[in-house]
Structures are given as structure tokens and as C-alpha cells.
Amino acid sequence: MSNNSESKFLAEAKSDNSEFLEVMRDRLKMLKEGNQECEFRELTSFQRKLLFSLVNCEFTKDNLVAITKCVDDNKDVKQRYVLVKKLDVGSQESKLDFEEREKRDDLQSCVGFTEVMKLLSESEKLIVGHNMLMDCMHIFNTFFAPIPQDYDKFRKALTSVFPRMCDTKVLASTKPFKDHIQRSGLEPLFETIGRKPFKKPNFVLPAEFKKYESGKAAHEAGYDAFMTGVVFTTLLNYLGSLIKPARSHISCNSELVKPFVNKIYLMRMMDVYYMDLSGEDVVPPRHDMFHLTIPPSWRTKQVQDLFKPFATSAQVIWVNDTSCFVRIEGMQDPPTTVMKSVVNAAQRDDFSIESFEDYSKAEQNRLRSSEETEHNSQNANGVSPKRRDSSLGKRNPTSKRASPDEAEFGQVEPEITEVAPRGKKMKQA
């Protein structure tokens with residue numbers, strides 16, 4: 001507001017707010033005569049506006065300046081108040097300089113924990129977590145940027161923030177560790193590493209965290225972080241016992257750790273248990289997987305019953321109410337035989353089945369067609385299409401990718417061909 005508009009606003013509001021304005025004037029006069037600053041709390045937004053106008057119209061010559069502040073009470077909804085401060089007459093700082101500095105300070109305080117995350121990112125230290133995909137996504141989305149919808153862009157964006165990450169659930173699910181670990185959940189894993197062949201290091205806890213010695217604080221953030229750190233250190237040291245000459249302590253920067261870096265655990269995946277953030281993902285052959293279009297009323301058991309002649313149990317992965325994937329572990333019959341049998345068993349016009357390979361090819365074609373349509377539309381409108389990073393989206397489906405097992409300990413993970421997307425559906429005859 002300009003002074004003229006503020007004066008007009010005060011004049012119009014005077015009749016209905018005269019008592020409030022008089023109280024504010026009295027407090028401002030006291031500030032003018034002695035105190036350096038005064039807080040005005042529990043005001044409505046309209047009253048704050050009145051106070052700002054009063055200071056700017058009647059007390060500017062007295063070197064008073066008003067700014068909005070927020071109560072720092074760690075609550076989600078911040079309560080605002082007005083701080084009126086008396087500038088030092090002998091100071092070279094002008095009212096505008098003061099207001100600008102206060103705004104910068106307020107902005108800095110609002111940034112809060114983002115500063116910690118920024119420093120952590122700049123340090124490029126190894127970030128250790130357990131089953132950490134959701135944690136990584138939440139941290140990235142909260143403190144850095146919205147999560148990219150494209151998978152490859154997400155991997156690139158995440159590693160640009162945290163270039164080195166290690167998931168202890170990946171370690172626990174990989175040779176040589178998995179031979180000695182039955183359950184890879186954090187709490188049972190923490191118990192397992194307390195027994196042979198593992199040797200847990202001694203940790204000294206600060207006095208205020210002595211309750212962690214009891215081991216009864218699972219799911220408390222601090223204790224879960226403590227358990228993750230202990231698990232990571234113990235598993236690394238176990239690696240040291242397997243090499244010659246044996247080493248009792250392995251640094252997180254050791255070459256032994258590299259095969260596990262930037263591999264993040266994936267829940268509920270039967271054939272791929274991690275995503276590779278900085279290399280080619282392992283993609284298994286999926287000749288035993290099918291894509292189904294089904295009636296919306298069907299449930300998991302109805303889908304599984306269709307595949308009973310070929311497997312005692314079929315894994316169903318739902319896409320939505322009318323679409324799912326089915327994987328038959330240990331399938332012996334040709335895919336065409338399975339599909340014909342399933343179609344005949346379903347006996348419905350609103351049911352169809354296709355191999356995963358056909359589904360993948362069609363999905364790739366759909367995506368390619370969509371990109372071409374967007375490209376043509378941009379050209380027609382005179383808009384330069386965005387250049388695609390040549391390093392993204394390029395994968396060699398036939399290339400072999402070393403898993404942690406293969407890289408260090410000689411066991412080769414199943415070679416996987418790239419997931420492609422939707423071909424010809426086999427309709428009921």
C-alpha cells in the first residue's frame with residue numbers, strides 16, 4: 001500500500017475500530033519513547049493490516065518499522081504476529097534495508113531442515129538406509145523437487161542429490177549374507193547379526209540414549225537409524241572376514257562395498273529384488289508372466305483358479321480393477337498352451353490374456369506413438385520440442401549386468417531381458 005491508500009484505509013476503518021487504534025497508538029508511543037521493539041500478538045489479519053497502516057502513516061518519522069513474524073512453536077499452522085522495531089537513528093540501515101534483511105532472515109528460518117539435507121547432499125557421503133526407497137522418495141520430494149514421473153529421470157535426479165546410497169536390506173538379501181539370514185526385516189536382522197558368523201562391534205551410546213541398550217525401541221526413528229547403522233557396520237566387517245588376509249574392519253569407502261552402492265530394495269518383487277540407480281537394471285526373462293484383462297468383480301482367487309492346471313500357486317500383481325499380471329513360477333508348458341487353456345476356462349467376452357512379451361511390445365509402441373504425436377503437435381504450433389537427454393532411456397536388453405552376488409562372489413543372477421510393453425491379445429474363440 002502507498003501512504004495515500006493507507007491513509008484512506010485508516011480513515012475508513014476509524015469509526016468501527018477507534019478503540020483498537022487508540023490502544024495501538026498508546027503502545028507505539030511508548031515504543032517511540034524508550035523500548036527498541038514490541039510484539040503485537042493475537043491479532044486478526046485485519047487488525048495486523050490496521051497496525052501496519054498506522055505505523056506507516058503516523059510513526060515513520062519516529063523510525064518505527066513493522067514486519068510480520070511467525071511464532072516458532074513447531075506446529076504445522078504457524079501463528080503470525082507483528083513486530084514493531086525502532087531503528088537506531090545513528091545507523092546507516094534504512095527502513096527498506098531493515099525490511100529486506102528481516103525478510104531474508106524469515107526465509108532462512110522457513111527453509112529449516114532443508115539446509116541439513118543440502119549439506120548432506122553436498123558432502124557426497126554414503127547414505128545408508130534399510131528398505132529405503134520410500135524414504136528416498138519422501139526426502140527428495142520434501143526437500144529438493146517433485147518426484148519425476150519418468151523412471152530413468154527419477155534415477156538420475158535421485159543420484160544427483162545423493163550420489164552414493166546403500167540399502168542394508170539389499171545386503172541382507174544377497175550372497176554371502178543371505179545364507180545366514182532368514183528374515184531381512186530390520187528388527188529380526190538386528191537380532192541375527194548378534195549371532196555367529198557375524199560379530200557385532202561395540203557401540204557406546206550417549207547418556208541420553210541409554211534406553212536404546214534395552215533393544216525395545218523399534219520403530220522409533222532414532223533407534224531404527226541406530227539399528228541400521230549397526231547392521232551396516234556388522235555386515236561390512238563380515239565381508240572383511242571372507243577375504244585374505246582377513247580384516248576386522250571394512251570402511252564404507254572400500255572396494256568391497258561398491259557392488260552394493262546405489263542398489264535400492266524393491267518390495268513384493270519375485271524376480272528382481274532391487275533397482276540399480278546408477279547402472280542397467282537386471283531384467284529377468286518373463287516367459288512365465290501374462291497380462292490379463294478381467295471383469296471388475298473378479299478377485300485374486302478367481303484369477304489364480306484359472307492357472308491351477310499349471311501351478312499350485314500363481315502370483316497376481318494387480319494394476320487396477322480390470323487389469324493384472326500373473327506369474328507362474330516354474331512353468332513347464334509353452335505360453336501358448338497356458339493361454340489357450342485359461343481362455344477356455346474363463347469363458348467370458350470381457351476377458352483376455354496376452355504374454356508379457358506382447359504386452360510389453362504394444363506398450364512400447366503406444367509410448368512411441370504418444371511421443372511422436374506430441375512432437376508433431378509442438379512442430380505444428382511452432383514450439384521447439386524438448387531435447388531428450390541421450391543418456392536416458394537407453395538400455396541394451398541383451399547386455400549382462402553384474403549383480404552384487406556376481407561382482408564379488410561369483411554367483412550370477414538370472415539374466416533378464418528388458419521389460420517391453422502390449423501386443424496381440426488372445427481373445428476367447
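## Close-up views of a predicted model

**View 1. Helix α2 and its buried residues.** In α2, the buried residues are Arg48, Leu50, Leu51, Ser53, Leu54, Val55 and Asn56. Keep in mind that this is a predicted model, here and in every view below. The helix itself covers residues 45-58, which makes 14 residues. From its first C-alpha to its last, α2 reaches 20 Å, close to the 20 Å expected at 1.5 Å a residue. As a reading aid for helices, residues three or four places apart point the same way, because an α-helix has 3.6 residues a turn.

**View 2. The open sheet β1-β3-β2.** Here 3 strands make up an open sheet, with antiparallel pairing and the order β1-β3-β2. Which strands stand at the edges? They are β1 (37-40) and β2 (64-70), each with a single partner strand, so one side of each has no neighbour in the sheet. From one strand to the next, the twist averages 25°. In general, strands of a sheet pair through backbone hydrogen bonds, in either a parallel or an antiparallel way.

**View 3. Partners along β3.** Strand β3 takes in residues 80-86, and 4 bridges tie β1 to β3 in an antiparallel run. Start with Glu37, which sits opposite Lys85 in β3. Then look for Glu39, whose bridge partner in β3 is Leu83. Turning to β2, we find 7 bridges joining β2 to β3, again running antiparallel. On this side, Ala66 has Val84 of β3 as its bridge partner.

**View 4. Inside the second largest pocket.** This pocket holds about 770 Å³ of space. How many residues line the second largest pocket? The count is 29, and those nearest its centre are Gly129, His130, Asp135, Ala225 and Thr228. By type, the lining divides into 16 nonpolar, 9 polar and 4 charged residues. Several elements chip in: α4 (114-123), β4 (127-129), α5 (133-143), α8 (186-192) and α9 (221-242) each supply at least two residues of the lining. The largest share comes from α9, with 6 residues.

**View 5. The open sheet β9-β10-β8-β11.** Another open sheet has 4 strands in the order β9-β10-β8-β11, and its pairing is antiparallel. At its edges stand β9 and β11 (352-355), each with a single partner strand, so one side of each is left without a neighbour in the sheet. Direction ignored, neighbouring strands of this sheet are turned by 25° against each other on average.

**View 6. Strand β10, tucked away.** Is β10 largely enclosed or left open? Strand β10 (residues 323-327) has 5 of its 5 residues buried, so it is largely enclosed by the rest of the structure. Ser323, Phe325 and Arg327 point one way from the strand, while Cys324 and Val326 point the other way, and all are buried.

**View 7. What β10 pairs with.** Strand β8 (residues 289-293) is joined to β10 by 5 bridges, and the two run antiparallel. One pair to look for is His291 with its bridge partner Phe325 in β10. Strand β9 (residues 315-320) is also joined to β10 by 5 bridges, running antiparallel. Here Ile317 stands opposite Phe325 in β10, and Val316 has Val326 as its bridge partner in β10. Between β9 and β10 there are 2 residues, and the two strands form a hairpin.

Definitions and conventions:
Residues numbered from 1 in each chain as written. Predicted model: local features only at pLDDT ≥ 70, side-chain atom pairs only at ≥ 80, totals over all residues. Heavy atoms only, no water. Expected span 1.5 Å × (residues − 1). Buried < 20%, exposed > 50% of the residue type's maximum accessible area, 1.4 Å probe, protein only. Pairing = 2+ DSSP bridges. Axes fitted to C-alpha atoms, helices over the stretch in contact; angles between N-to-C directions. 1 Å grid on protein atoms, 1.4 Å probe; cavity = no way out; pocket = protein on both sides within 12 Å on 5 of 7 lines; lining within 4 Å. Points joined across faces, edges and corners; volume = space filled by probe spheres on them. Nonpolar A, V, L, I, M, F, W, Y, C, P; charged D, E, K, R; others polar.
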